[in-house]
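Q: Hey, I've got a protein model open and I don't know where to begin. Can you walk me through it?

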Amino acid sequence: MSFIAKTVSAGVAAFSFMLLAAAPASAQSANMTFFLTSNGPGNGANLGGLDGADKHCQTLAQSAGAGAKTWHAYLSTQAADGKPAVNARDRIGKGPWQNSKGVVVAKDVAELHGSNNLTKQTALSEKGDVINGRGDTPNRHDALTGSQPDGTAFGPEADRTCKNWTSSTQGAAMVGHSDRIGLREDDASHSWNSSHPSRGPDGGCSQNDLKSTGGDGLLYCFAVN
């Protein structure tokens, strides 16, 4: 066989291997039903309300090959302006949910809010990447939820949703720790969905405020169907 023929043959073989290697990953991404966003919309906790947050989840899922499903952000809203509260747990479907690697993080809503399998290694982004946690630079483990530990909304007494995800200045957003690690050895520090409210010099809801306490405006996204 000539040198040119050998080179062409080797190139074809290498290309075929690359296609075969990519196929399983692509199939897994298509079957993904849960991810932690690789980035936030970029305007702090002003997500454009629930609709804007859901759109962000849908767009990222589409980019990963899982856009055929309907995606919702795991967010609660509080009663305001005559509108009732919305519970995050009620808007994410029934499960089970698995990450981009096919690892099941929870089989249903009850397990998600109980003994789930959410860790730094399983709360992967839509790209299949591990998100920086406590001890990494920068720390990005704060995920916006606006929720109590059981996935329900807070009462109207204090803002925990940055004005129902429309403020990037005044207010506060309850966040969870995606790596399940915090400053203390208590339930809140280990909570994936209800660790502490955001805070900061801009008022609590800006992108800089979210970053200052270990976040980046990231969201948990779930396929509802």
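A: Sure, we'll go through the aromatic rings, a helix, and then the empty spaces. Keep in mind that this is a predicted model.

Q: Okay, rings. How many aromatic pairs are there in the whole structure?
A: A search of the whole structure turns up eight aromatic pairs. One of them joins F35 and W71, with 4.9 Å from centre to centre and 50° between the planes, and that pair is tilted.

Q: Where do F35 and W71 sit along the chain?
A: F35 is in strand 1 (residues 34-36) and W71 is in strand 2 (residues 71-73). They're 36 residues apart, and the pair links distant parts of the chain.

Q: Is F35 buried or exposed?
A: F35 has 0% relative accessibility, so it counts as buried. W71 counts as buried too, because its relative accessibility is 1%.

Q: What about Y74 and Y220, what kind of pair are they?
A: That pair is edge-to-face, because the planes of the two rings are at 85°. The ring centres are 6.5 Å apart.

Q: Which parts of the chain does that pair tie together?
A: Y74 lies in the loop between strand 2 and strand 3 (97-98), while Y220 lies in strand 8 (residues 215-223). Those parts are 146 residues apart in sequence, so the pair ties together distant stretches of sequence.

Q: And are Y74 and Y220 buried or exposed?
A: Y74 is buried, with 0% relative accessibility. Y220 is buried as well, at a relative accessible area of 1%.

Q: Which residues do ring pairs link into a cluster?
A: The cluster is made of F34, Y74, W97, W192, Y220 and F222.

Q: New topic: helix 2. How many residues does it have?
A: Helix 2 (residues 49-63) has 15 residues. From first C-alpha to last it reaches 22 Å, which is close to the 21 Å expected at 1.5 Å a residue.

Q: Which of its residues are buried?
A: The buried residues of helix 2 are G49, L50, A53, D54, H56, C57, L60 and A61.

Q: Is there a reason buried residues in a helix might sit three or four places apart?
A: Here's the general background: an α-helix has 3.6 residues a turn, so residues three or four places apart point the same way.

Q: What covers the buried residues of helix 2?
A: The cover includes strand 1, strand 2, helix 4 (162-165) and strand 8.

Q: What comes after the helix?
A: Helix 2 is followed by G65, which has a positive phi, near 90°.

Q: Now the empty spaces. What volume does the largest pocket have?
A: The largest pocket has a volume of about 220 Å³. It's lined by 13 residues, and the closest to its centre are H177, L183, H196, R199 and T213. By class, that lining has two nonpolar, eight polar and three charged residues.

Q: And the second largest pocket?
A: The second largest pocket holds about 190 Å³ of space. Its lining includes L50, D81 and K163, and the classes there come to four nonpolar, three polar and three charged residues.

Q: How many cavities of 30 Å³ or more are there?
A: There's one cavity of 30 Å³ or more. The largest cavity has a volume of about 40 Å³.

Q: Which strand gives the most to the lining of the largest cavity?
A: Strand 8 does, with four residues. Strand 5 (142-144) also supplies at least two. By class, the lining of the largest cavity divides into four nonpolar, four polar and two charged residues.

Technical notes. Residues are numbered from 1 along each chain as its sequence is written. This is a predicted model: local features need pLDDT of at least 70, side-chain atom pairs count only at pLDDT 80 or more; totals for chains, interfaces and linings use all residues. Side-chain values use heavy atoms; hydrogens and water are left out. On a 1 Å grid over the protein atoms alone, a cavity is a set of points where a 1.4 Å probe fits but cannot get out, and a pocket is an open set with protein on both sides within 12 Å along at least five of seven lines; lining residues have an atom within 4 Å of a point. Grid points are joined across faces, edges and corners, and a volume is the space filled by probe spheres set on the points. Ala, Val, Leu, Ile, Met, Phe, Trp, Tyr, Cys and Pro count as nonpolar, Asp, Glu, Lys and Arg as charged, and the others, Gly among them, as polar. Rings of Phe, Tyr and Trp (its six-membered ring) pair if their centres lie within 6.5 Å; planes under 30 degrees apart count as stacked, over 60 as edge-to-face and the rest as tilted. Buried means under 20% relative accessible area, exposed over 50%, partly exposed in between (1.4 Å probe, protein chains only). The expected span of a helix is 1.5 Å times one less than its number of residues. Contact means heavy atoms within 4.5 Å.
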